[in-house]
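Dear colleague,

Please find the structure below, handed over together with its sequence. My findings follow, arranged by topic, for you to read alongside the coordinates.

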Amino acid sequence: MILTGPEIRNAVSSGDITIVPYDAGRVSPNAYDWRLGDTIQVCDSDLDAARPSTFVEKVIPPDGMELQPGNLYLGVTHERTHSELYAQLINGDHSLGALGVWVHVSAPLGHTGHGIRWTLEIRVARRTRIYPRMTFGKIIFLRTSGAIVSYQDIGQKYVASTGIDVSRLYEEMR
Ligand SMILES: Nc1ccn([C@H]2C[C@H](O)[C@@H](COP(=O)(O)OP(=O)(O)OP(=O)(O)O)O2)c(=O)n1
């Protein structure tokens, strides 16, 4: 079940959801409107799932950065979110989708117990200028059913994440 905006506000007040920085004005009817962070990693070369990938990190200037179709960009959310109680899903929003911007390629889920600034897998349909701290999408919170398992207790790949994570799939493929 999806949490409504008022329920997100309550959960932030009670500590069941952490959003840092938090702005109550960014709570929408069924979501929290998150922002793009200040840095982005750029990959314009071929990738191999069995090897570490190479990205170049850049600071997004205040007057914006133009993203190119065909490149893969790893961005990061401005906000860190966490909940031991609720699962989270990250997505873009219609305003961004209507510009032809994807905020993830195939990874919407944030596990219970994982406190993160989310890694974004950004692609653009057209050359598109983006800006640091712009509103970039929505995170929704879901009530779970069954015993809660915390991501940080089961030693998964990205548990120590502090920001942008490149794929660590290659570690499984050695
Ligand atoms: N766009 C995304 C999607 C997920 N995550 C974070 C939150 C999740 O709790 C964590 C793990 O996500 P997945 O389970 O989808 O990733 P993997 O299956 O690759 O990793 P693991 O084996 O650790 O579960 O990564 C993220 O930062 N950015």
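**The largest pocket**

The lining of the largest pocket comprises 16 nonpolar, nine polar and six charged residues. Please bear in mind throughout that this is a predicted model. The volume of this pocket comes to about 830 Å³. Its lining is made up of 31 residues, and those nearest the centre are Ala107, Glu121, Tyr158, Asp165 and Ser167. Three strands, β6 (72–82), β9 (109–110) and β10 (116–124), each provide at least two residues of this lining. The greatest contribution is that of β10, which supplies five residues.

**Aromatic pairs**

The model contains two aromatic pairs. Tyr22 and Tyr32 make up a stacked pair, with 5.8 Å between the ring centres and 25° between the planes. Because Tyr22 belongs to the loop between β1 (18–20) and β2 (27–28) and Tyr32 to strand β3 (residues 31–43), this pair ties together parts that lie ten residues apart in sequence. As to burial, Tyr22 has a relative accessibility of 31% and is therefore classed as partly exposed, whereas Tyr32, at 2%, counts as buried.

Trp34 and Phe136 also pair: their ring centres are 5.8 Å apart and their planes stand at 65°, so the arrangement is edge-to-face. Since Trp34 is in strand β3 and Phe136 in strand β12, this pair links parts that are 102 residues apart in sequence. Both Trp34 and Phe136 are buried.

**Charges over rings**

Two arginines deserve your attention in this respect. Arg123 places its charged end over the ring of Trp102, at 4.3 Å from the ring centre. The charged end of Arg168 is positioned over the ring of Tyr158, 6.0 Å from the centre of that ring. Tyr158 has already appeared above, among the residues that lie nearest the centre of the largest pocket.

**Contacts of Ile140 and Thr112**

Ile140 is part of strand β12 (residues 135–143). Setting aside residues up to four places away in sequence, Ile140 touches Ile2, Asn30, Ala31, Ala87, Gln88 and Leu89. In the case of Ala87, the separation from Ile140 is 53 residues in sequence and 8.4 Å in space, taken from C-alpha to C-alpha.

Thr112 is located in the loop between β9 and β10. With a relative accessibility of 10%, under the 20% limit, Thr112 counts as buried. Apart from neighbours within four places in sequence, Thr112 is in contact with Ser83, Glu84, Leu85, Tyr86, Ala87, Thr144, Ile148, Val149, Ser150 and Tyr151. Ala87 thus appears in the contact list of Thr112 and in that of Ile140.

**Backbone geometry**

Two backbone features should be checked against the following background. Most residues other than glycine have a negative phi, and most peptide bonds are trans. The peptide bond leading from Val20 to Pro21 is cis, with omega near -5°. Pro21 is situated in the loop between β1 and β2, where Tyr22 of the stacked pair is also found.

Arg133, although not a glycine, has a positive phi of about 65°. This residue occupies the loop between β11 (128–130) and β12. At 39% relative accessibility, Arg133 is counted as partly exposed.

With kind regards

Key. Residues numbered from 1 in each chain as written. Predicted model: local features only at pLDDT ≥ 70, side-chain atom pairs only at ≥ 80, totals over all residues. Heavy atoms only, no water. 1 Å grid on protein atoms, 1.4 Å probe; cavity = no way out; pocket = protein on both sides within 12 Å on 5 of 7 lines; lining within 4 Å. Points joined across faces, edges and corners; volume = space filled by probe spheres on them. Helix = DSSP H or I, 4+ residues; strand = E, 2+ residues; numbered from the N terminus. Nonpolar A, V, L, I, M, F, W, Y, C, P; charged D, E, K, R; others polar. Contact = heavy atoms within 4.5 Å. Phe/Tyr/Trp six-rings, centres within 6.5 Å; stacked < 30°, edge-to-face > 60°. Buried < 20%, exposed > 50% of the residue type's maximum accessible area, 1.4 Å probe, protein only. Lys NZ or Arg CZ within 6 Å of the ring centre and 35° of its normal.
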